[in-house]
Structure formats: structure tokens, C-alpha cells
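Hi,

Here is the structure I promised to pass on. Have a look at it first, and my notes follow underneath.

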Amino acid sequence: MRCGIVLPFFDAPDVASCAALAEECGWDGVFLAEAVWGVDAWVALAAAAMRTSSVRLGTMLTPLPRFKPWDVASKAATLDRLSGGRVQLSVGLGALHPGWTAFERETGRAERALLLDEGLAVYDGLMRGQPFSFHGRRYDVRETDFFPPPPPVQRPRVPVWVVGAFGRPVSMRRAVSWDGLLPNVIADGEARGAETPAELSAIVAEARSLRTSLGLPWDGFDVIAEGKATDVAEWADAGATWWIESDWETTVDAVRERITAGPPSS
């Protein structure tokens with residue numbers, strides 16, 4: 001199992017220095033939230049790419065319904081080429097919070113789900129290159145030969161982890177159709193990650209069944225667990241392929257200290 005760490009809402013210079021430290025201390029990835037307004041995650045990750053050579057760089061996560069999929073594809077592919085193929089994109093419906101609703105009217109879950117599905121389709125098509133066209137309910141994309149960019153290093157696309165809500169077949173089926181699952185559990189109307197390895201194991205069983213039913217291989221598919229831990233062996237046994245150390249209410253100094261201590265043992 002690989003281990004990464006979240007750098008929550010840090011500015012670009014801190015992201016770059018923390019990523020370099022994480023690589024030195026044996027971590028496998030660093031991940032940033034992508035805000036609607038604030039520090040630009042892709043600029044910060046580009047700064048990190050210039051200071052590192054092996055650690056993976058990704059968002060945790062990108063609320064894809066909020067962004068145009070061609071913008072996301074452009075940024076992810078550009079960073080993938082800059083980093084030599086080390087980018088990871090994570091997407092979901094996006095949690096509605098004041099940092100989003102301060103700028104845009106709230107939309108219903110069904111609308112965000114439609115934008116997510118169509119956005120993923122456009123993202124994937126553009127990553128694969130021209131000619132590409134898409135005709136959906138929200139997006140209409142035509143083939144173009146106007147300065148098409150080089151392909152990303154990772155083929156056929158920069159891989160995508162997608163949020164899947166346990167017990168909700170449509171959400172889970174969407175997630176297992178891509179490259180990795182960010183498991184969510186809906187409890188009392190709120191979404192959260194798996195709280196125990198046993199809970200994750202049940203989610204993995206459902207995900208494996210759904211992915212197999214779609215004729216897709218389980219090998220190479222990622223399952224991401226998040227939290228704070230010093231030993232993650234039980235999470236690996238439950239089926240996690242990535243452990244993401246995440247503390248969203250911390251400081252740069254505290255994160256540096258945690259990075260220096262090294263990734264949790266598995």
C-alpha cells in the first residue's frame with residue numbers, strides 16, 4: 001500500500017517545500033484541495049513538480065461539476081508532462097460549502113451528478129486526443145485541430161479516482177468505472193469516509209462485485225482510505241491500496257512534523 005498526505009489549503013511555496021520533504025521522507029504522494037476561490041491547486045502542484053522527481057501529485061479533490069472539463073483536462077495533462085507522469089486527479093460531486101455557494105447558486109445533487117458524468121466523459125475523450133466529439137445534455141464538444149496539445153505521459157489519461165457512496169449503486173457504479181474509488185458512507189445525511197477497516201472491507205466487496213459485473217479488471221484498481229494513523233496494516237488487509245493522511249484543520253509546521261516522522265507502517 002502506498003501512503004500520501006494532504007496539504008490542506010497551503011500556499012504554493014509551502015506546497016513545494018512540503019512535497020520535497022515528503023519525497024525525502026519516503027511518502028508516495030501529496031494531495032491538495034481544489035478550491036473554487038483561493039490558492040490555485042494546479043499552480044501549487046506545478047511548483048511541487050519542479051522540486052520533486054518521484055512523489056505523485058494530485059487533488060483531493062476536484063469538484064468537477066464546478067469546473068469545465070476541458071480546463072481540468074488541460075491543467076492535468078500539462079502538469080503530467082511537466083512532472084514526467086506523476087499526476088493523480090480525484091473528483092466528486094463536491095461538498096456544498098460557503099467557499100462555493102458564496103459565488104454560485106446551489107444546484108441539486110441530480111444536476112451535479114449529470115455534470116460529473118458528462119465532465120468525466122469529456123475529460124477522458126480529450127485525454128485520448130483528437131478527433132473527439134461529445135454531445136450531451138450539458139456539454140457539446142466538437143472536433144478541433146486548433147493547436148491540440150501533446151498527450152499526457154500517462155496513457156490513456158491521467159488516472160481518475162472518483163467518490164463512490166456505499167450502498168448507492170449509481171454512485172458506486174460510476175466510481176468503479178474509472179481508476180480508483182474514494183469511498184463515502186452516508187450517515188445522518190452527511191458523507192464521510194470509512195471509519196474502520198471492517199467498514200472499508202464491506203465497501204471493497206461491493207466495489208469488486210460491481211466492477212467485475214462491468215467486465216473491468218480488479219487488478220490495478222485503487223481503493224483509497226483516509227484518516228490519521230501510525231499503523232495501516234489492517235486498512236491494507238481490508239483492500240486499501242492507498243492511505244492518505246488527512247487533517248484538514250492543521251498548520252504548515254504540524255504537517256512538516258508529520259511528514260518528517262515518515263509514512264505510517266503497513
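**What I found**

Phenylalanine 147 counts as exposed, at 71% relative accessibility. One thing to keep in mind as you read on: this is a predicted model. The same Phe147 has a positive phi of about 45°, although it is not a glycine, and it lies in the loop between β7 and β8.

Phenylalanine 9 is another residue to look at. Its phi is near 60°, a positive value in a residue other than glycine. Phe9 lies in the loop between β1 (2–6) and α1 (12–24), and it is exposed, with a relative accessible area of 53%.

While you are checking the backbone, here are two cis peptide bonds. One runs from Met60 to Leu61, with omega near -5°; Leu61 lies in the loop between β3 (56–59) and β4 (62–63). The other runs from Arg155 to Pro156, with omega near 5°. Pro156 has its place in the loop between β7 (140–141) and β8 (160–165).

Now the overall layout. The domain assignment splits the protein chain into domain 1 (2–162 + 227–261) and domain 2 (163–226). Their C-alpha centres lie 18 Å apart. Where they meet, 28 residues of domain 1 are in contact with 23 residues of domain 2.

On to the inside. In soluble globular proteins, nonpolar side chains tend to be buried together. Here, the largest nonpolar core has 64 residues, and Leu7, Tyr123, Leu200 and Ile259 are the ones that touch the most other members. Both domains feed into this core, with at least three residues from each of domain 1 and domain 2. There is also a second, separate core of nine residues, which includes Phe31, Met60, Trp161 and Ile244. If you want to pick one residue to zoom in on, try Leu7: leaving out residues up to four places away in sequence, it touches Val15, Cys18, Val30, Phe31, Leu32, Val255 and Ile259.

Next, a helix pair. How do α6 and α7 cross, and how far apart are their axes? The axes of α6 (residues 169–176) and α7 (residues 197–213) come within 9 Å and cross at roughly 70°, which makes α6 roughly perpendicular to α7. On the α6 side, Met172, Arg173 and Val176 do the touching, and they meet Ile203, Glu206, Ala207, Leu210 and Arg211 in α7. By type, the residues of this contact are five nonpolar, three charged and no polar.

Staying with α6, its buried residues are Ser171, Met172, Arg174, Ala175 and Val176. What covers them includes α5 (109–128), β8, β9 (180–187) and α7.

Last stop, Arg138. Is it buried or exposed? Neither, quite: Arg138 counts as partly exposed, at 38% relative accessibility. Arg138 lies in the loop between β6 (134–135) and β7. Leaving aside neighbours within four places in sequence, Arg138 is in contact with Glu111, Leu114, Leu115 and Glu118. For a sense of scale, the C-alpha atoms of Arg138 and Thr241 are separated by 34 Å, and the two residues are 103 places apart along the chain.

Cheers

Technical notes. Residues numbered from 1 in each chain as written. Predicted model: local features only at pLDDT ≥ 70, side-chain atom pairs only at ≥ 80, totals over all residues. Heavy atoms only, no water. Core = buried A, V, L, I, M, F, W, Y, C linked by side-chain atoms within 4.5 Å. Buried < 20%, exposed > 50% of the residue type's maximum accessible area, 1.4 Å probe, protein only. Domains from an automatic or database assignment. Contact = heavy atoms within 4.5 Å. Axes fitted to C-alpha atoms, helices over the stretch in contact; angles between N-to-C directions. Helix = DSSP H or I, 4+ residues; strand = E, 2+ residues; numbered from the N terminus. Parallel < 35°, antiparallel > 145°, perpendicular 65-115°, else oblique. Nonpolar A, V, L, I, M, F, W, Y, C, P; charged D, E, K, R; others polar.
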